[in-house]
Amino acid sequence: MKIIDLRIMRGPNYWSVVHSKLIVIKLALTQLQGTLTDTWPHLPYRLQKLLPGMAHFKSEEGEEQSFYKAVEQGMPAGQLVQYVALELQRMAGMETRFGFCKPAHDPEQVFVVFEYQEERAGEYAAYAAVRLVQAVINGEAYKLAPDIARLHQIREDEYFGPSTYSIVSEAVSRGIPYIRLNCHSLIQLGYGVNQERLQATMTSGTACFAVEIAGDKKATKDMLQQAGIPVAKGATVYSYDELKKVLGWLQFPIVTKPLDGNHGKGATINITNLKDAIKGFDDARKFSDGVMVEEFIRGNDFRLLVINGKFVAAARRTPAMVTGDGASTIKQLVDRENKDPRRGIGHEKVLTQIAIDKQTRRILRGKGLTSQSVLQKGEVLYLKSTANISTGGTATDVTDLVDPYNILMAERIAGLIGLDICGIDVMTTDIAIPLNETRGAVLEVNAAPGFRMHTSPTYGLPRNVAEPVIDMLFSHGKPSRIPIIAVTGTNGKTTTTRLVAHMVRSKGYQVGYTTTDGIYIQDKLLEKGDTTGSYSTEFVLKDPTVNFAVLECARGGLLRSGLGFQQCDIGIVTNVSSDHLGLNDIHTLEELARVKAVIPKSVSKEGFAILNADDDLVYAMAKEVHCKVAFFSMDENNPRILKHIAKGGLAAVFENGYISIFKNSYKIRIDRVADVPLTFGGRAKFNIENVLAAALAGYISHFDIEDIKTALRTFVPSPAKTPGRMNLFKFPNFEVLVDYAHNVGGLKAIGEFMQNLSVSRKTGIVAGVGDRRPQDIYELGKVAGEVFDEIIIRLDNDLRGKTPDEIVNQLMLGIEEVAPHKPVKVIPEEMRAIAYALENAKEGAIIAIFTEDVAESVKMVENFKVLEDRKIMLEQEAPS
């Protein structure tokens, strides 16, 4: 077996609209084609030994089945790879369940599709699963531990920390979208102008000066002391001499900690002698130049959490510890504790495994113990000097026990420091008694407090502390989303996208839109190229100035990585016709339609799918969507339209020369088609369809009819406004049309447009695209032969795997099929072909340039026009 292609889906996609995080691999089965797992009797035993947790699994039908029995009875190798890839991720602490296996077009290949939690982990699991399955089939030994260790490492490196996860989960439960801005914990909640950002538990509203104060323990302590908050006695030192001087008046036991540290790093508690004090000083100096030396406050370690000025939770934290049984060594006790299923690596589970590290060994040495020492029965040994959950500590929820004095104190502290999310560390014997009565003290204030001790306490009631965070960020009904209109189809999607964006902008919105030409923010081109994939979508949705997004979504991006959003408000499908077939494993029009259908399937329930009722494949999409549907048609008597509006549906129709909206039994006329520049006086029928779709989008968006009409009339096609889309140039004696059309549907549409023109001769400059099927290039030649009086064949710069002869010969075969005597000239270089056509243009002719390089082609035509105009001017000025 061999992986020959791997794709990472990051949003709704061809394989699943619901499960957006998928790994899709194309697997070459080679000698395993048609072979089931029952061929190898040893397989179930070997798998059970390696993967004991796979006793049961859910079939694609959702039924619980015995995994090893299914393997014994016979399972395709590709399906086995799918289940193993999922299990490997689960063994590394990542919950993944969904997957399936599907035959590819080539009978020796299959598609294996499975869910991932982290991209790199899913990718690694794919290759590891193939290696493992191949090894067990071959009867070879396989070392699984390195794979699980690597997956664990990837998870720890890239997965959300528990605090971030809790906030993101709360946001998602409210329908608030999120975008991960880097591989760490920087997250964007919401889109465009409505976004908020957070990193761990610091938000876009967290004041930087407050973070700075909280990070400076001396400044914090001074501020709290001045406000009457109980704090520990002590001082900040920078040298051994200063340390000894402080110890002259501060009695043991003491605590040393870095002046600007966090998460307990470099802190040492309960120091009872000068030697250990110097060691504690050295440990703290690893993290900060200044070291705080304070009295050791006896009692329990408590964390009080304040969000948006209100106390929300409290937890008692206990350092990692073991209790002796009189027989087991300390190491054995630790190993036994780590077998607790709640403990995992890093942040994998609610508790972290305990490591016998330098800090633990120092504590043991201080007590005259080693890891091999045996504790007396009932003897408690604390293994860490701080009570952090991340070092193996435990937490007990005490929210309901906190005394009102202590609650007020915590809220005052958050306000004094200026933190919107504030963690306050308190040492006291009893949190249910006012701190000033127990001789307790505030030890520290945290600007980015961890939430795990509250959301998943070891004991007590879990608290949803992420809820008040989201309430704070999106208070009083503040929106998190911006309107999104997504456009797809084979032809017309770029023009429709630009027209809709123009309409939206004319209503005063700050629009971000993507096209095959580039990414535009507020009508400024910020990134040039074919920008119709998920990266470009996120570019727009991340922009803090955008309050409306119009997104062109092409086949390539959908198949490569899925959509860059989970839901849109309006999804438009212009048409589905033969193009790109044979690429990315899409071989039929029906399969291509399923790719395009991802857009309407991703429309929210309250939104609209706008579908072409004249296209059978597009019309059929209405049966699969969960949103409202509006149709458009060039035929007001289309039975599909009549049936739809009879049921109270919405439609846009070309009728009696008008663009009209049909709603129930009412007809709302928007404008005469002849007055809409994009239709070229009604001659560009395909652009009328685009106008119908755009008008519907405006109407659904609650734009006034007059505003829609104005937008349609002010959208004038030109190389600047619609580059490569019906760019018409009028010369004194002939006309030139520059268009990006590169498929049969586009060529036919241009042909229909030219039939309505009064021209003496039609010249076409055409090219076949190298990655298309031979029959597609042949069909393009046939259409060119039917449409043009003379043909110039050029070649793209990138032939995409074919030779010049292969492309030219297929075009010639198509042309000769319908017009064997038609004049054809082959000029491979595009600019030379254009120059030849312009220089030899006949009076009254039209030259249609189907271009690869829109900008250069337009530039050449415009330069030629300048020369022609100058020539005519000189002739007119010359004396007769």
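In what order do the four strands of the open antiparallel sheet stand? The order is β1-β2-β6-β5. This is a predicted model. A further open sheet is built from eleven strands, with mixed pairing. The structure also holds 50 salt bridges, and a positive surface patch includes K275.

**Four-stranded sheet**

- The sheet is open, and its pairing is antiparallel.
- Strands β1 (2–10) and β5 (99–103) stand at the edges; each has a single partner strand, so one side of each lacks a neighbour in the sheet.
- On average, neighbouring strands of this sheet are turned by 15° against each other, with direction ignored.
- Strand β2 (residues 21–28) is joined to strand β6 (residues 109–115) by seven bridges.
- Within this antiparallel pair, K26 faces F111 of β6 as its opposite residue.

**Eleven-stranded sheet**

- The strand order is β27-β26-β25-β28-β24-β29-β30-β31-β32-β33-β34.
- The edge positions belong to β27 (524–528) and β34 (666–672); each pairs with a single strand, so one side of each is left without a neighbour in the sheet.
- The average turn between neighbouring strands of this sheet is 15°, direction ignored.
- In a regular strand, side chains alternate between the two faces of the sheet.

**Pairing at the two edges of the eleven-stranded sheet**

- At the β27 edge, β26 (residues 518–521) runs antiparallel to β27, and four bridges join them.
- I521 stands opposite K524 in β27.
- At the β34 edge, β33 (residues 658–663) pairs with β34 over six bridges, in the antiparallel sense.
- I659 has D671 of β34 as its bridge partner.
- β33 and β34 form a hairpin with two residues between the strands.
- In that hairpin, N664 takes a positive phi near 55°.

**Charged side chains**

- Side chains of opposite charge can pair when their charged atoms come close.
- One of the 50 salt bridges in the structure joins the side chains of K331 and D335, at 3.0 Å from N to O.
- Both K331 and D335 belong to helix α11 (residues 330–338).
- K331 and D335 are four residues apart, about one turn of the helix.
- K275, K358, R361 and R365 form the positive surface patch.
- Helix α12 (residues 358–366) supplies the largest share of that patch, three residues.
- K358 is one of the residues in helix α12.

Key:
Residues numbered from 1 in each chain as written. Predicted model: local features only at pLDDT ≥ 70, side-chain atom pairs only at ≥ 80, totals over all residues. Heavy atoms only, no water. Pairing = 2+ DSSP bridges. Axes fitted to C-alpha atoms, helices over the stretch in contact; angles between N-to-C directions. Patch = residues over 30% accessible without salt bridge, like charges linked within 9 Å, V, L, I, M, F, W, Y side chains within 5 Å. Areas by Shrake-Rupley, 256 points an atom, 1.4 Å probe, with all protein chains shown as cover. Salt bridge = Lys/Arg side-chain N within 4 Å of Asp/Glu carboxyl O. Lys, Arg positive; Asp, Glu negative; His and termini not counted. Charge placed at Lys NZ, Arg CZ, Asp CG, Glu CD.
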